[in-house]
Amino acid sequence: MSLSPSRASDFMQCPLLYRFRVIDRLPEKPSAAATRGTLVHAVLERLFDHPAGERTAPRAKALVPGQWDRLLESRPELTELFPAQDGGEGLARWLSEAEALVERWFTLEDPTRLEPVEREFFVEAELESGLRLRGIIDRVDVAPTGEVRIVDYKTGKAPRPEYAEGALFQMKFYALVVWRLKQVVPRRLQLVYLGSGDVLTYDPVVADLERVERKLLALWEAIKEATETGDWRPRPTKLCGWCDHRAVCPEFGGTPPPYPLMIGAREDAERPAES
């Protein structure tokens with residue numbers, strides 16, 4: 001049984017969305033915004049391959065075309081994002097926007113003073129319940145004193161203060177995994193919002209991580225219950241406007257595909273765990 005921050009967020013946002021993505025595995029169209037985020041993350045990761053003195057904004061921007069080519073090699077379907085009939089203007093504008101996000105990062109952090117211990121770091125820990133938590137952390141910094149900082153890049157804008165807790169859920173998830181894995185509570189969680197030029201930080205304590213663990217265990221029980229019964233209820237929000245699955249969502253007059261699992265079989269309740 002395993003759970004990632006993205007799949008946990010899917011279920012909290014809309015149980016039916018979780019079903020469509022994890023159980024039905026319905027295809028989704030590539031998104032220009034999400035792909036730009038992937039590209040920017042790749043550039044910032046690769047920049048640290050260079051010596052500290054060479055980690056400049058021009059160097060980082062120069063990495064954008066090559067990282068885009070590599071992304072296309074692994075995901076050729078991304079060419080659909082930019083129609084050829086516009087003479088390449090759409091792609092050029094999109095790449096320019098990616099470069100601007102990369103450049104803004106240099107106003108928020110100084111990479112010449114950073115030596116990450118880990119980049120794109122896959123972490124996984126198993127709780128006493130048997131539930132495995134897994135995810136990929138953008139960057140891990142460790143101070144000479146041993147204090148750990150977990151950093152995540154976001155290419156969108158920082159949320160309003162009343163929504164900050166939701167934004168920090170992913171980071172607390174990672175902090176919990178690191179704590180259970182290394183027996184070390186990260187000193188700081190840091191979200192770097194390149195879209196708005198903001199940095200959101202939070203210093204967790206053990207009580208925070210214990211609350212997150214209880215929340216995740218309750219969430220997993222709800223997921224298993226839905227898997228076993230086949231009862232995946234949609235939860236309409238303003239985010240529905242961006243969902244790829246409205247055509248098969250009852251909230252929009254659609255019919256979900258036939259449920260692929262055997263309802264009532266407890267062993268099937270754990271099938272979605274591998275996503």
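The lining of the largest cavity in this predicted model divides into 11 nonpolar, three polar and three charged residues. In total, 17 residues line this cavity, and C14, L17, C240, C243 and C249 lie nearest its centre. Helix 2 (residues 15-23) gives the most to this lining, with three residues. The volume of the largest cavity is about 160 Å³, and the structure holds one cavity of 30 Å³ or more.

Open space was examined next. The largest pocket contains about 2,600 Å³ of space. Its lining is made up of 50 residues, among which S6, D10, R21, A34 and K154 are the closest to the pocket centre. Six elements give two or more residues each to this lining: helix 1 (5-13), helix 2, helix 3 (32-47), strand 3 (132-142), strand 4 (148-154) and helix 6 (164-182). Helix 1 provides the largest share, seven residues. By class, 17 of the lining residues are nonpolar, 16 are polar and 17 are charged. Helix 2 thus appears in two settings, as the element that gives the most to the lining of the largest cavity and as one of the elements with two or more residues in the lining of the largest pocket.

The second largest pocket has a volume of about 180 Å³. Its lining consists of T38, L39, H41, A42, E45, R46, Q67, R70, L71, S74 and E120. At least two of these residues come from helix 3, and at least two from helix 4 (57-74). The greatest contribution is that of helix 3, with six residues. The class division of this lining is three nonpolar, four polar and four charged residues. Helix 3 is also among the elements that give two or more residues to the lining of the largest pocket.

Helix 4, one of the elements bordering the second largest pocket, also packs against helix 5 (residues 89-108), and the two axes come within 9 Å and cross at roughly 145°. The crossing of helix 4 with helix 5 is right-handed. On the helix 4 side, the contact is made by A57, A60, K61, V64 and W68, and on the helix 5 side by L91, W94, L95, E99, V102, E103 and F106. Nine residues of this contact are nonpolar and three are charged, with no polar residue present. By comparison, the lining of the second largest pocket includes four polar residues.

How values were computed. Residues are numbered from 1 along each chain as its sequence is written. This is a predicted model: local features need pLDDT of at least 70, side-chain atom pairs count only at pLDDT 80 or more; totals for chains, interfaces and linings use all residues. Side-chain values use heavy atoms; hydrogens and water are left out. On a 1 Å grid over the protein atoms alone, a cavity is a set of points where a 1.4 Å probe fits but cannot get out, and a pocket is an open set with protein on both sides within 12 Å along at least five of seven lines; lining residues have an atom within 4 Å of a point. Grid points are joined across faces, edges and corners, and a volume is the space filled by probe spheres set on the points. Helices (H or I, at least four residues) and strands (E, at least two) are DSSP runs, numbered from the N terminus. Ala, Val, Leu, Ile, Met, Phe, Trp, Tyr, Cys and Pro count as nonpolar, Asp, Glu, Lys and Arg as charged, and the others, Gly among them, as polar. Axes are lines fitted to C-alpha atoms, for helices over the stretch in contact, and angles run from 0 to 180 degrees between N-to-C directions. A crossing is left-handed if the near helix is turned anticlockwise from the far one by less than a right angle, and right-handed if clockwise. Contact means heavy atoms within 4.5 Å.
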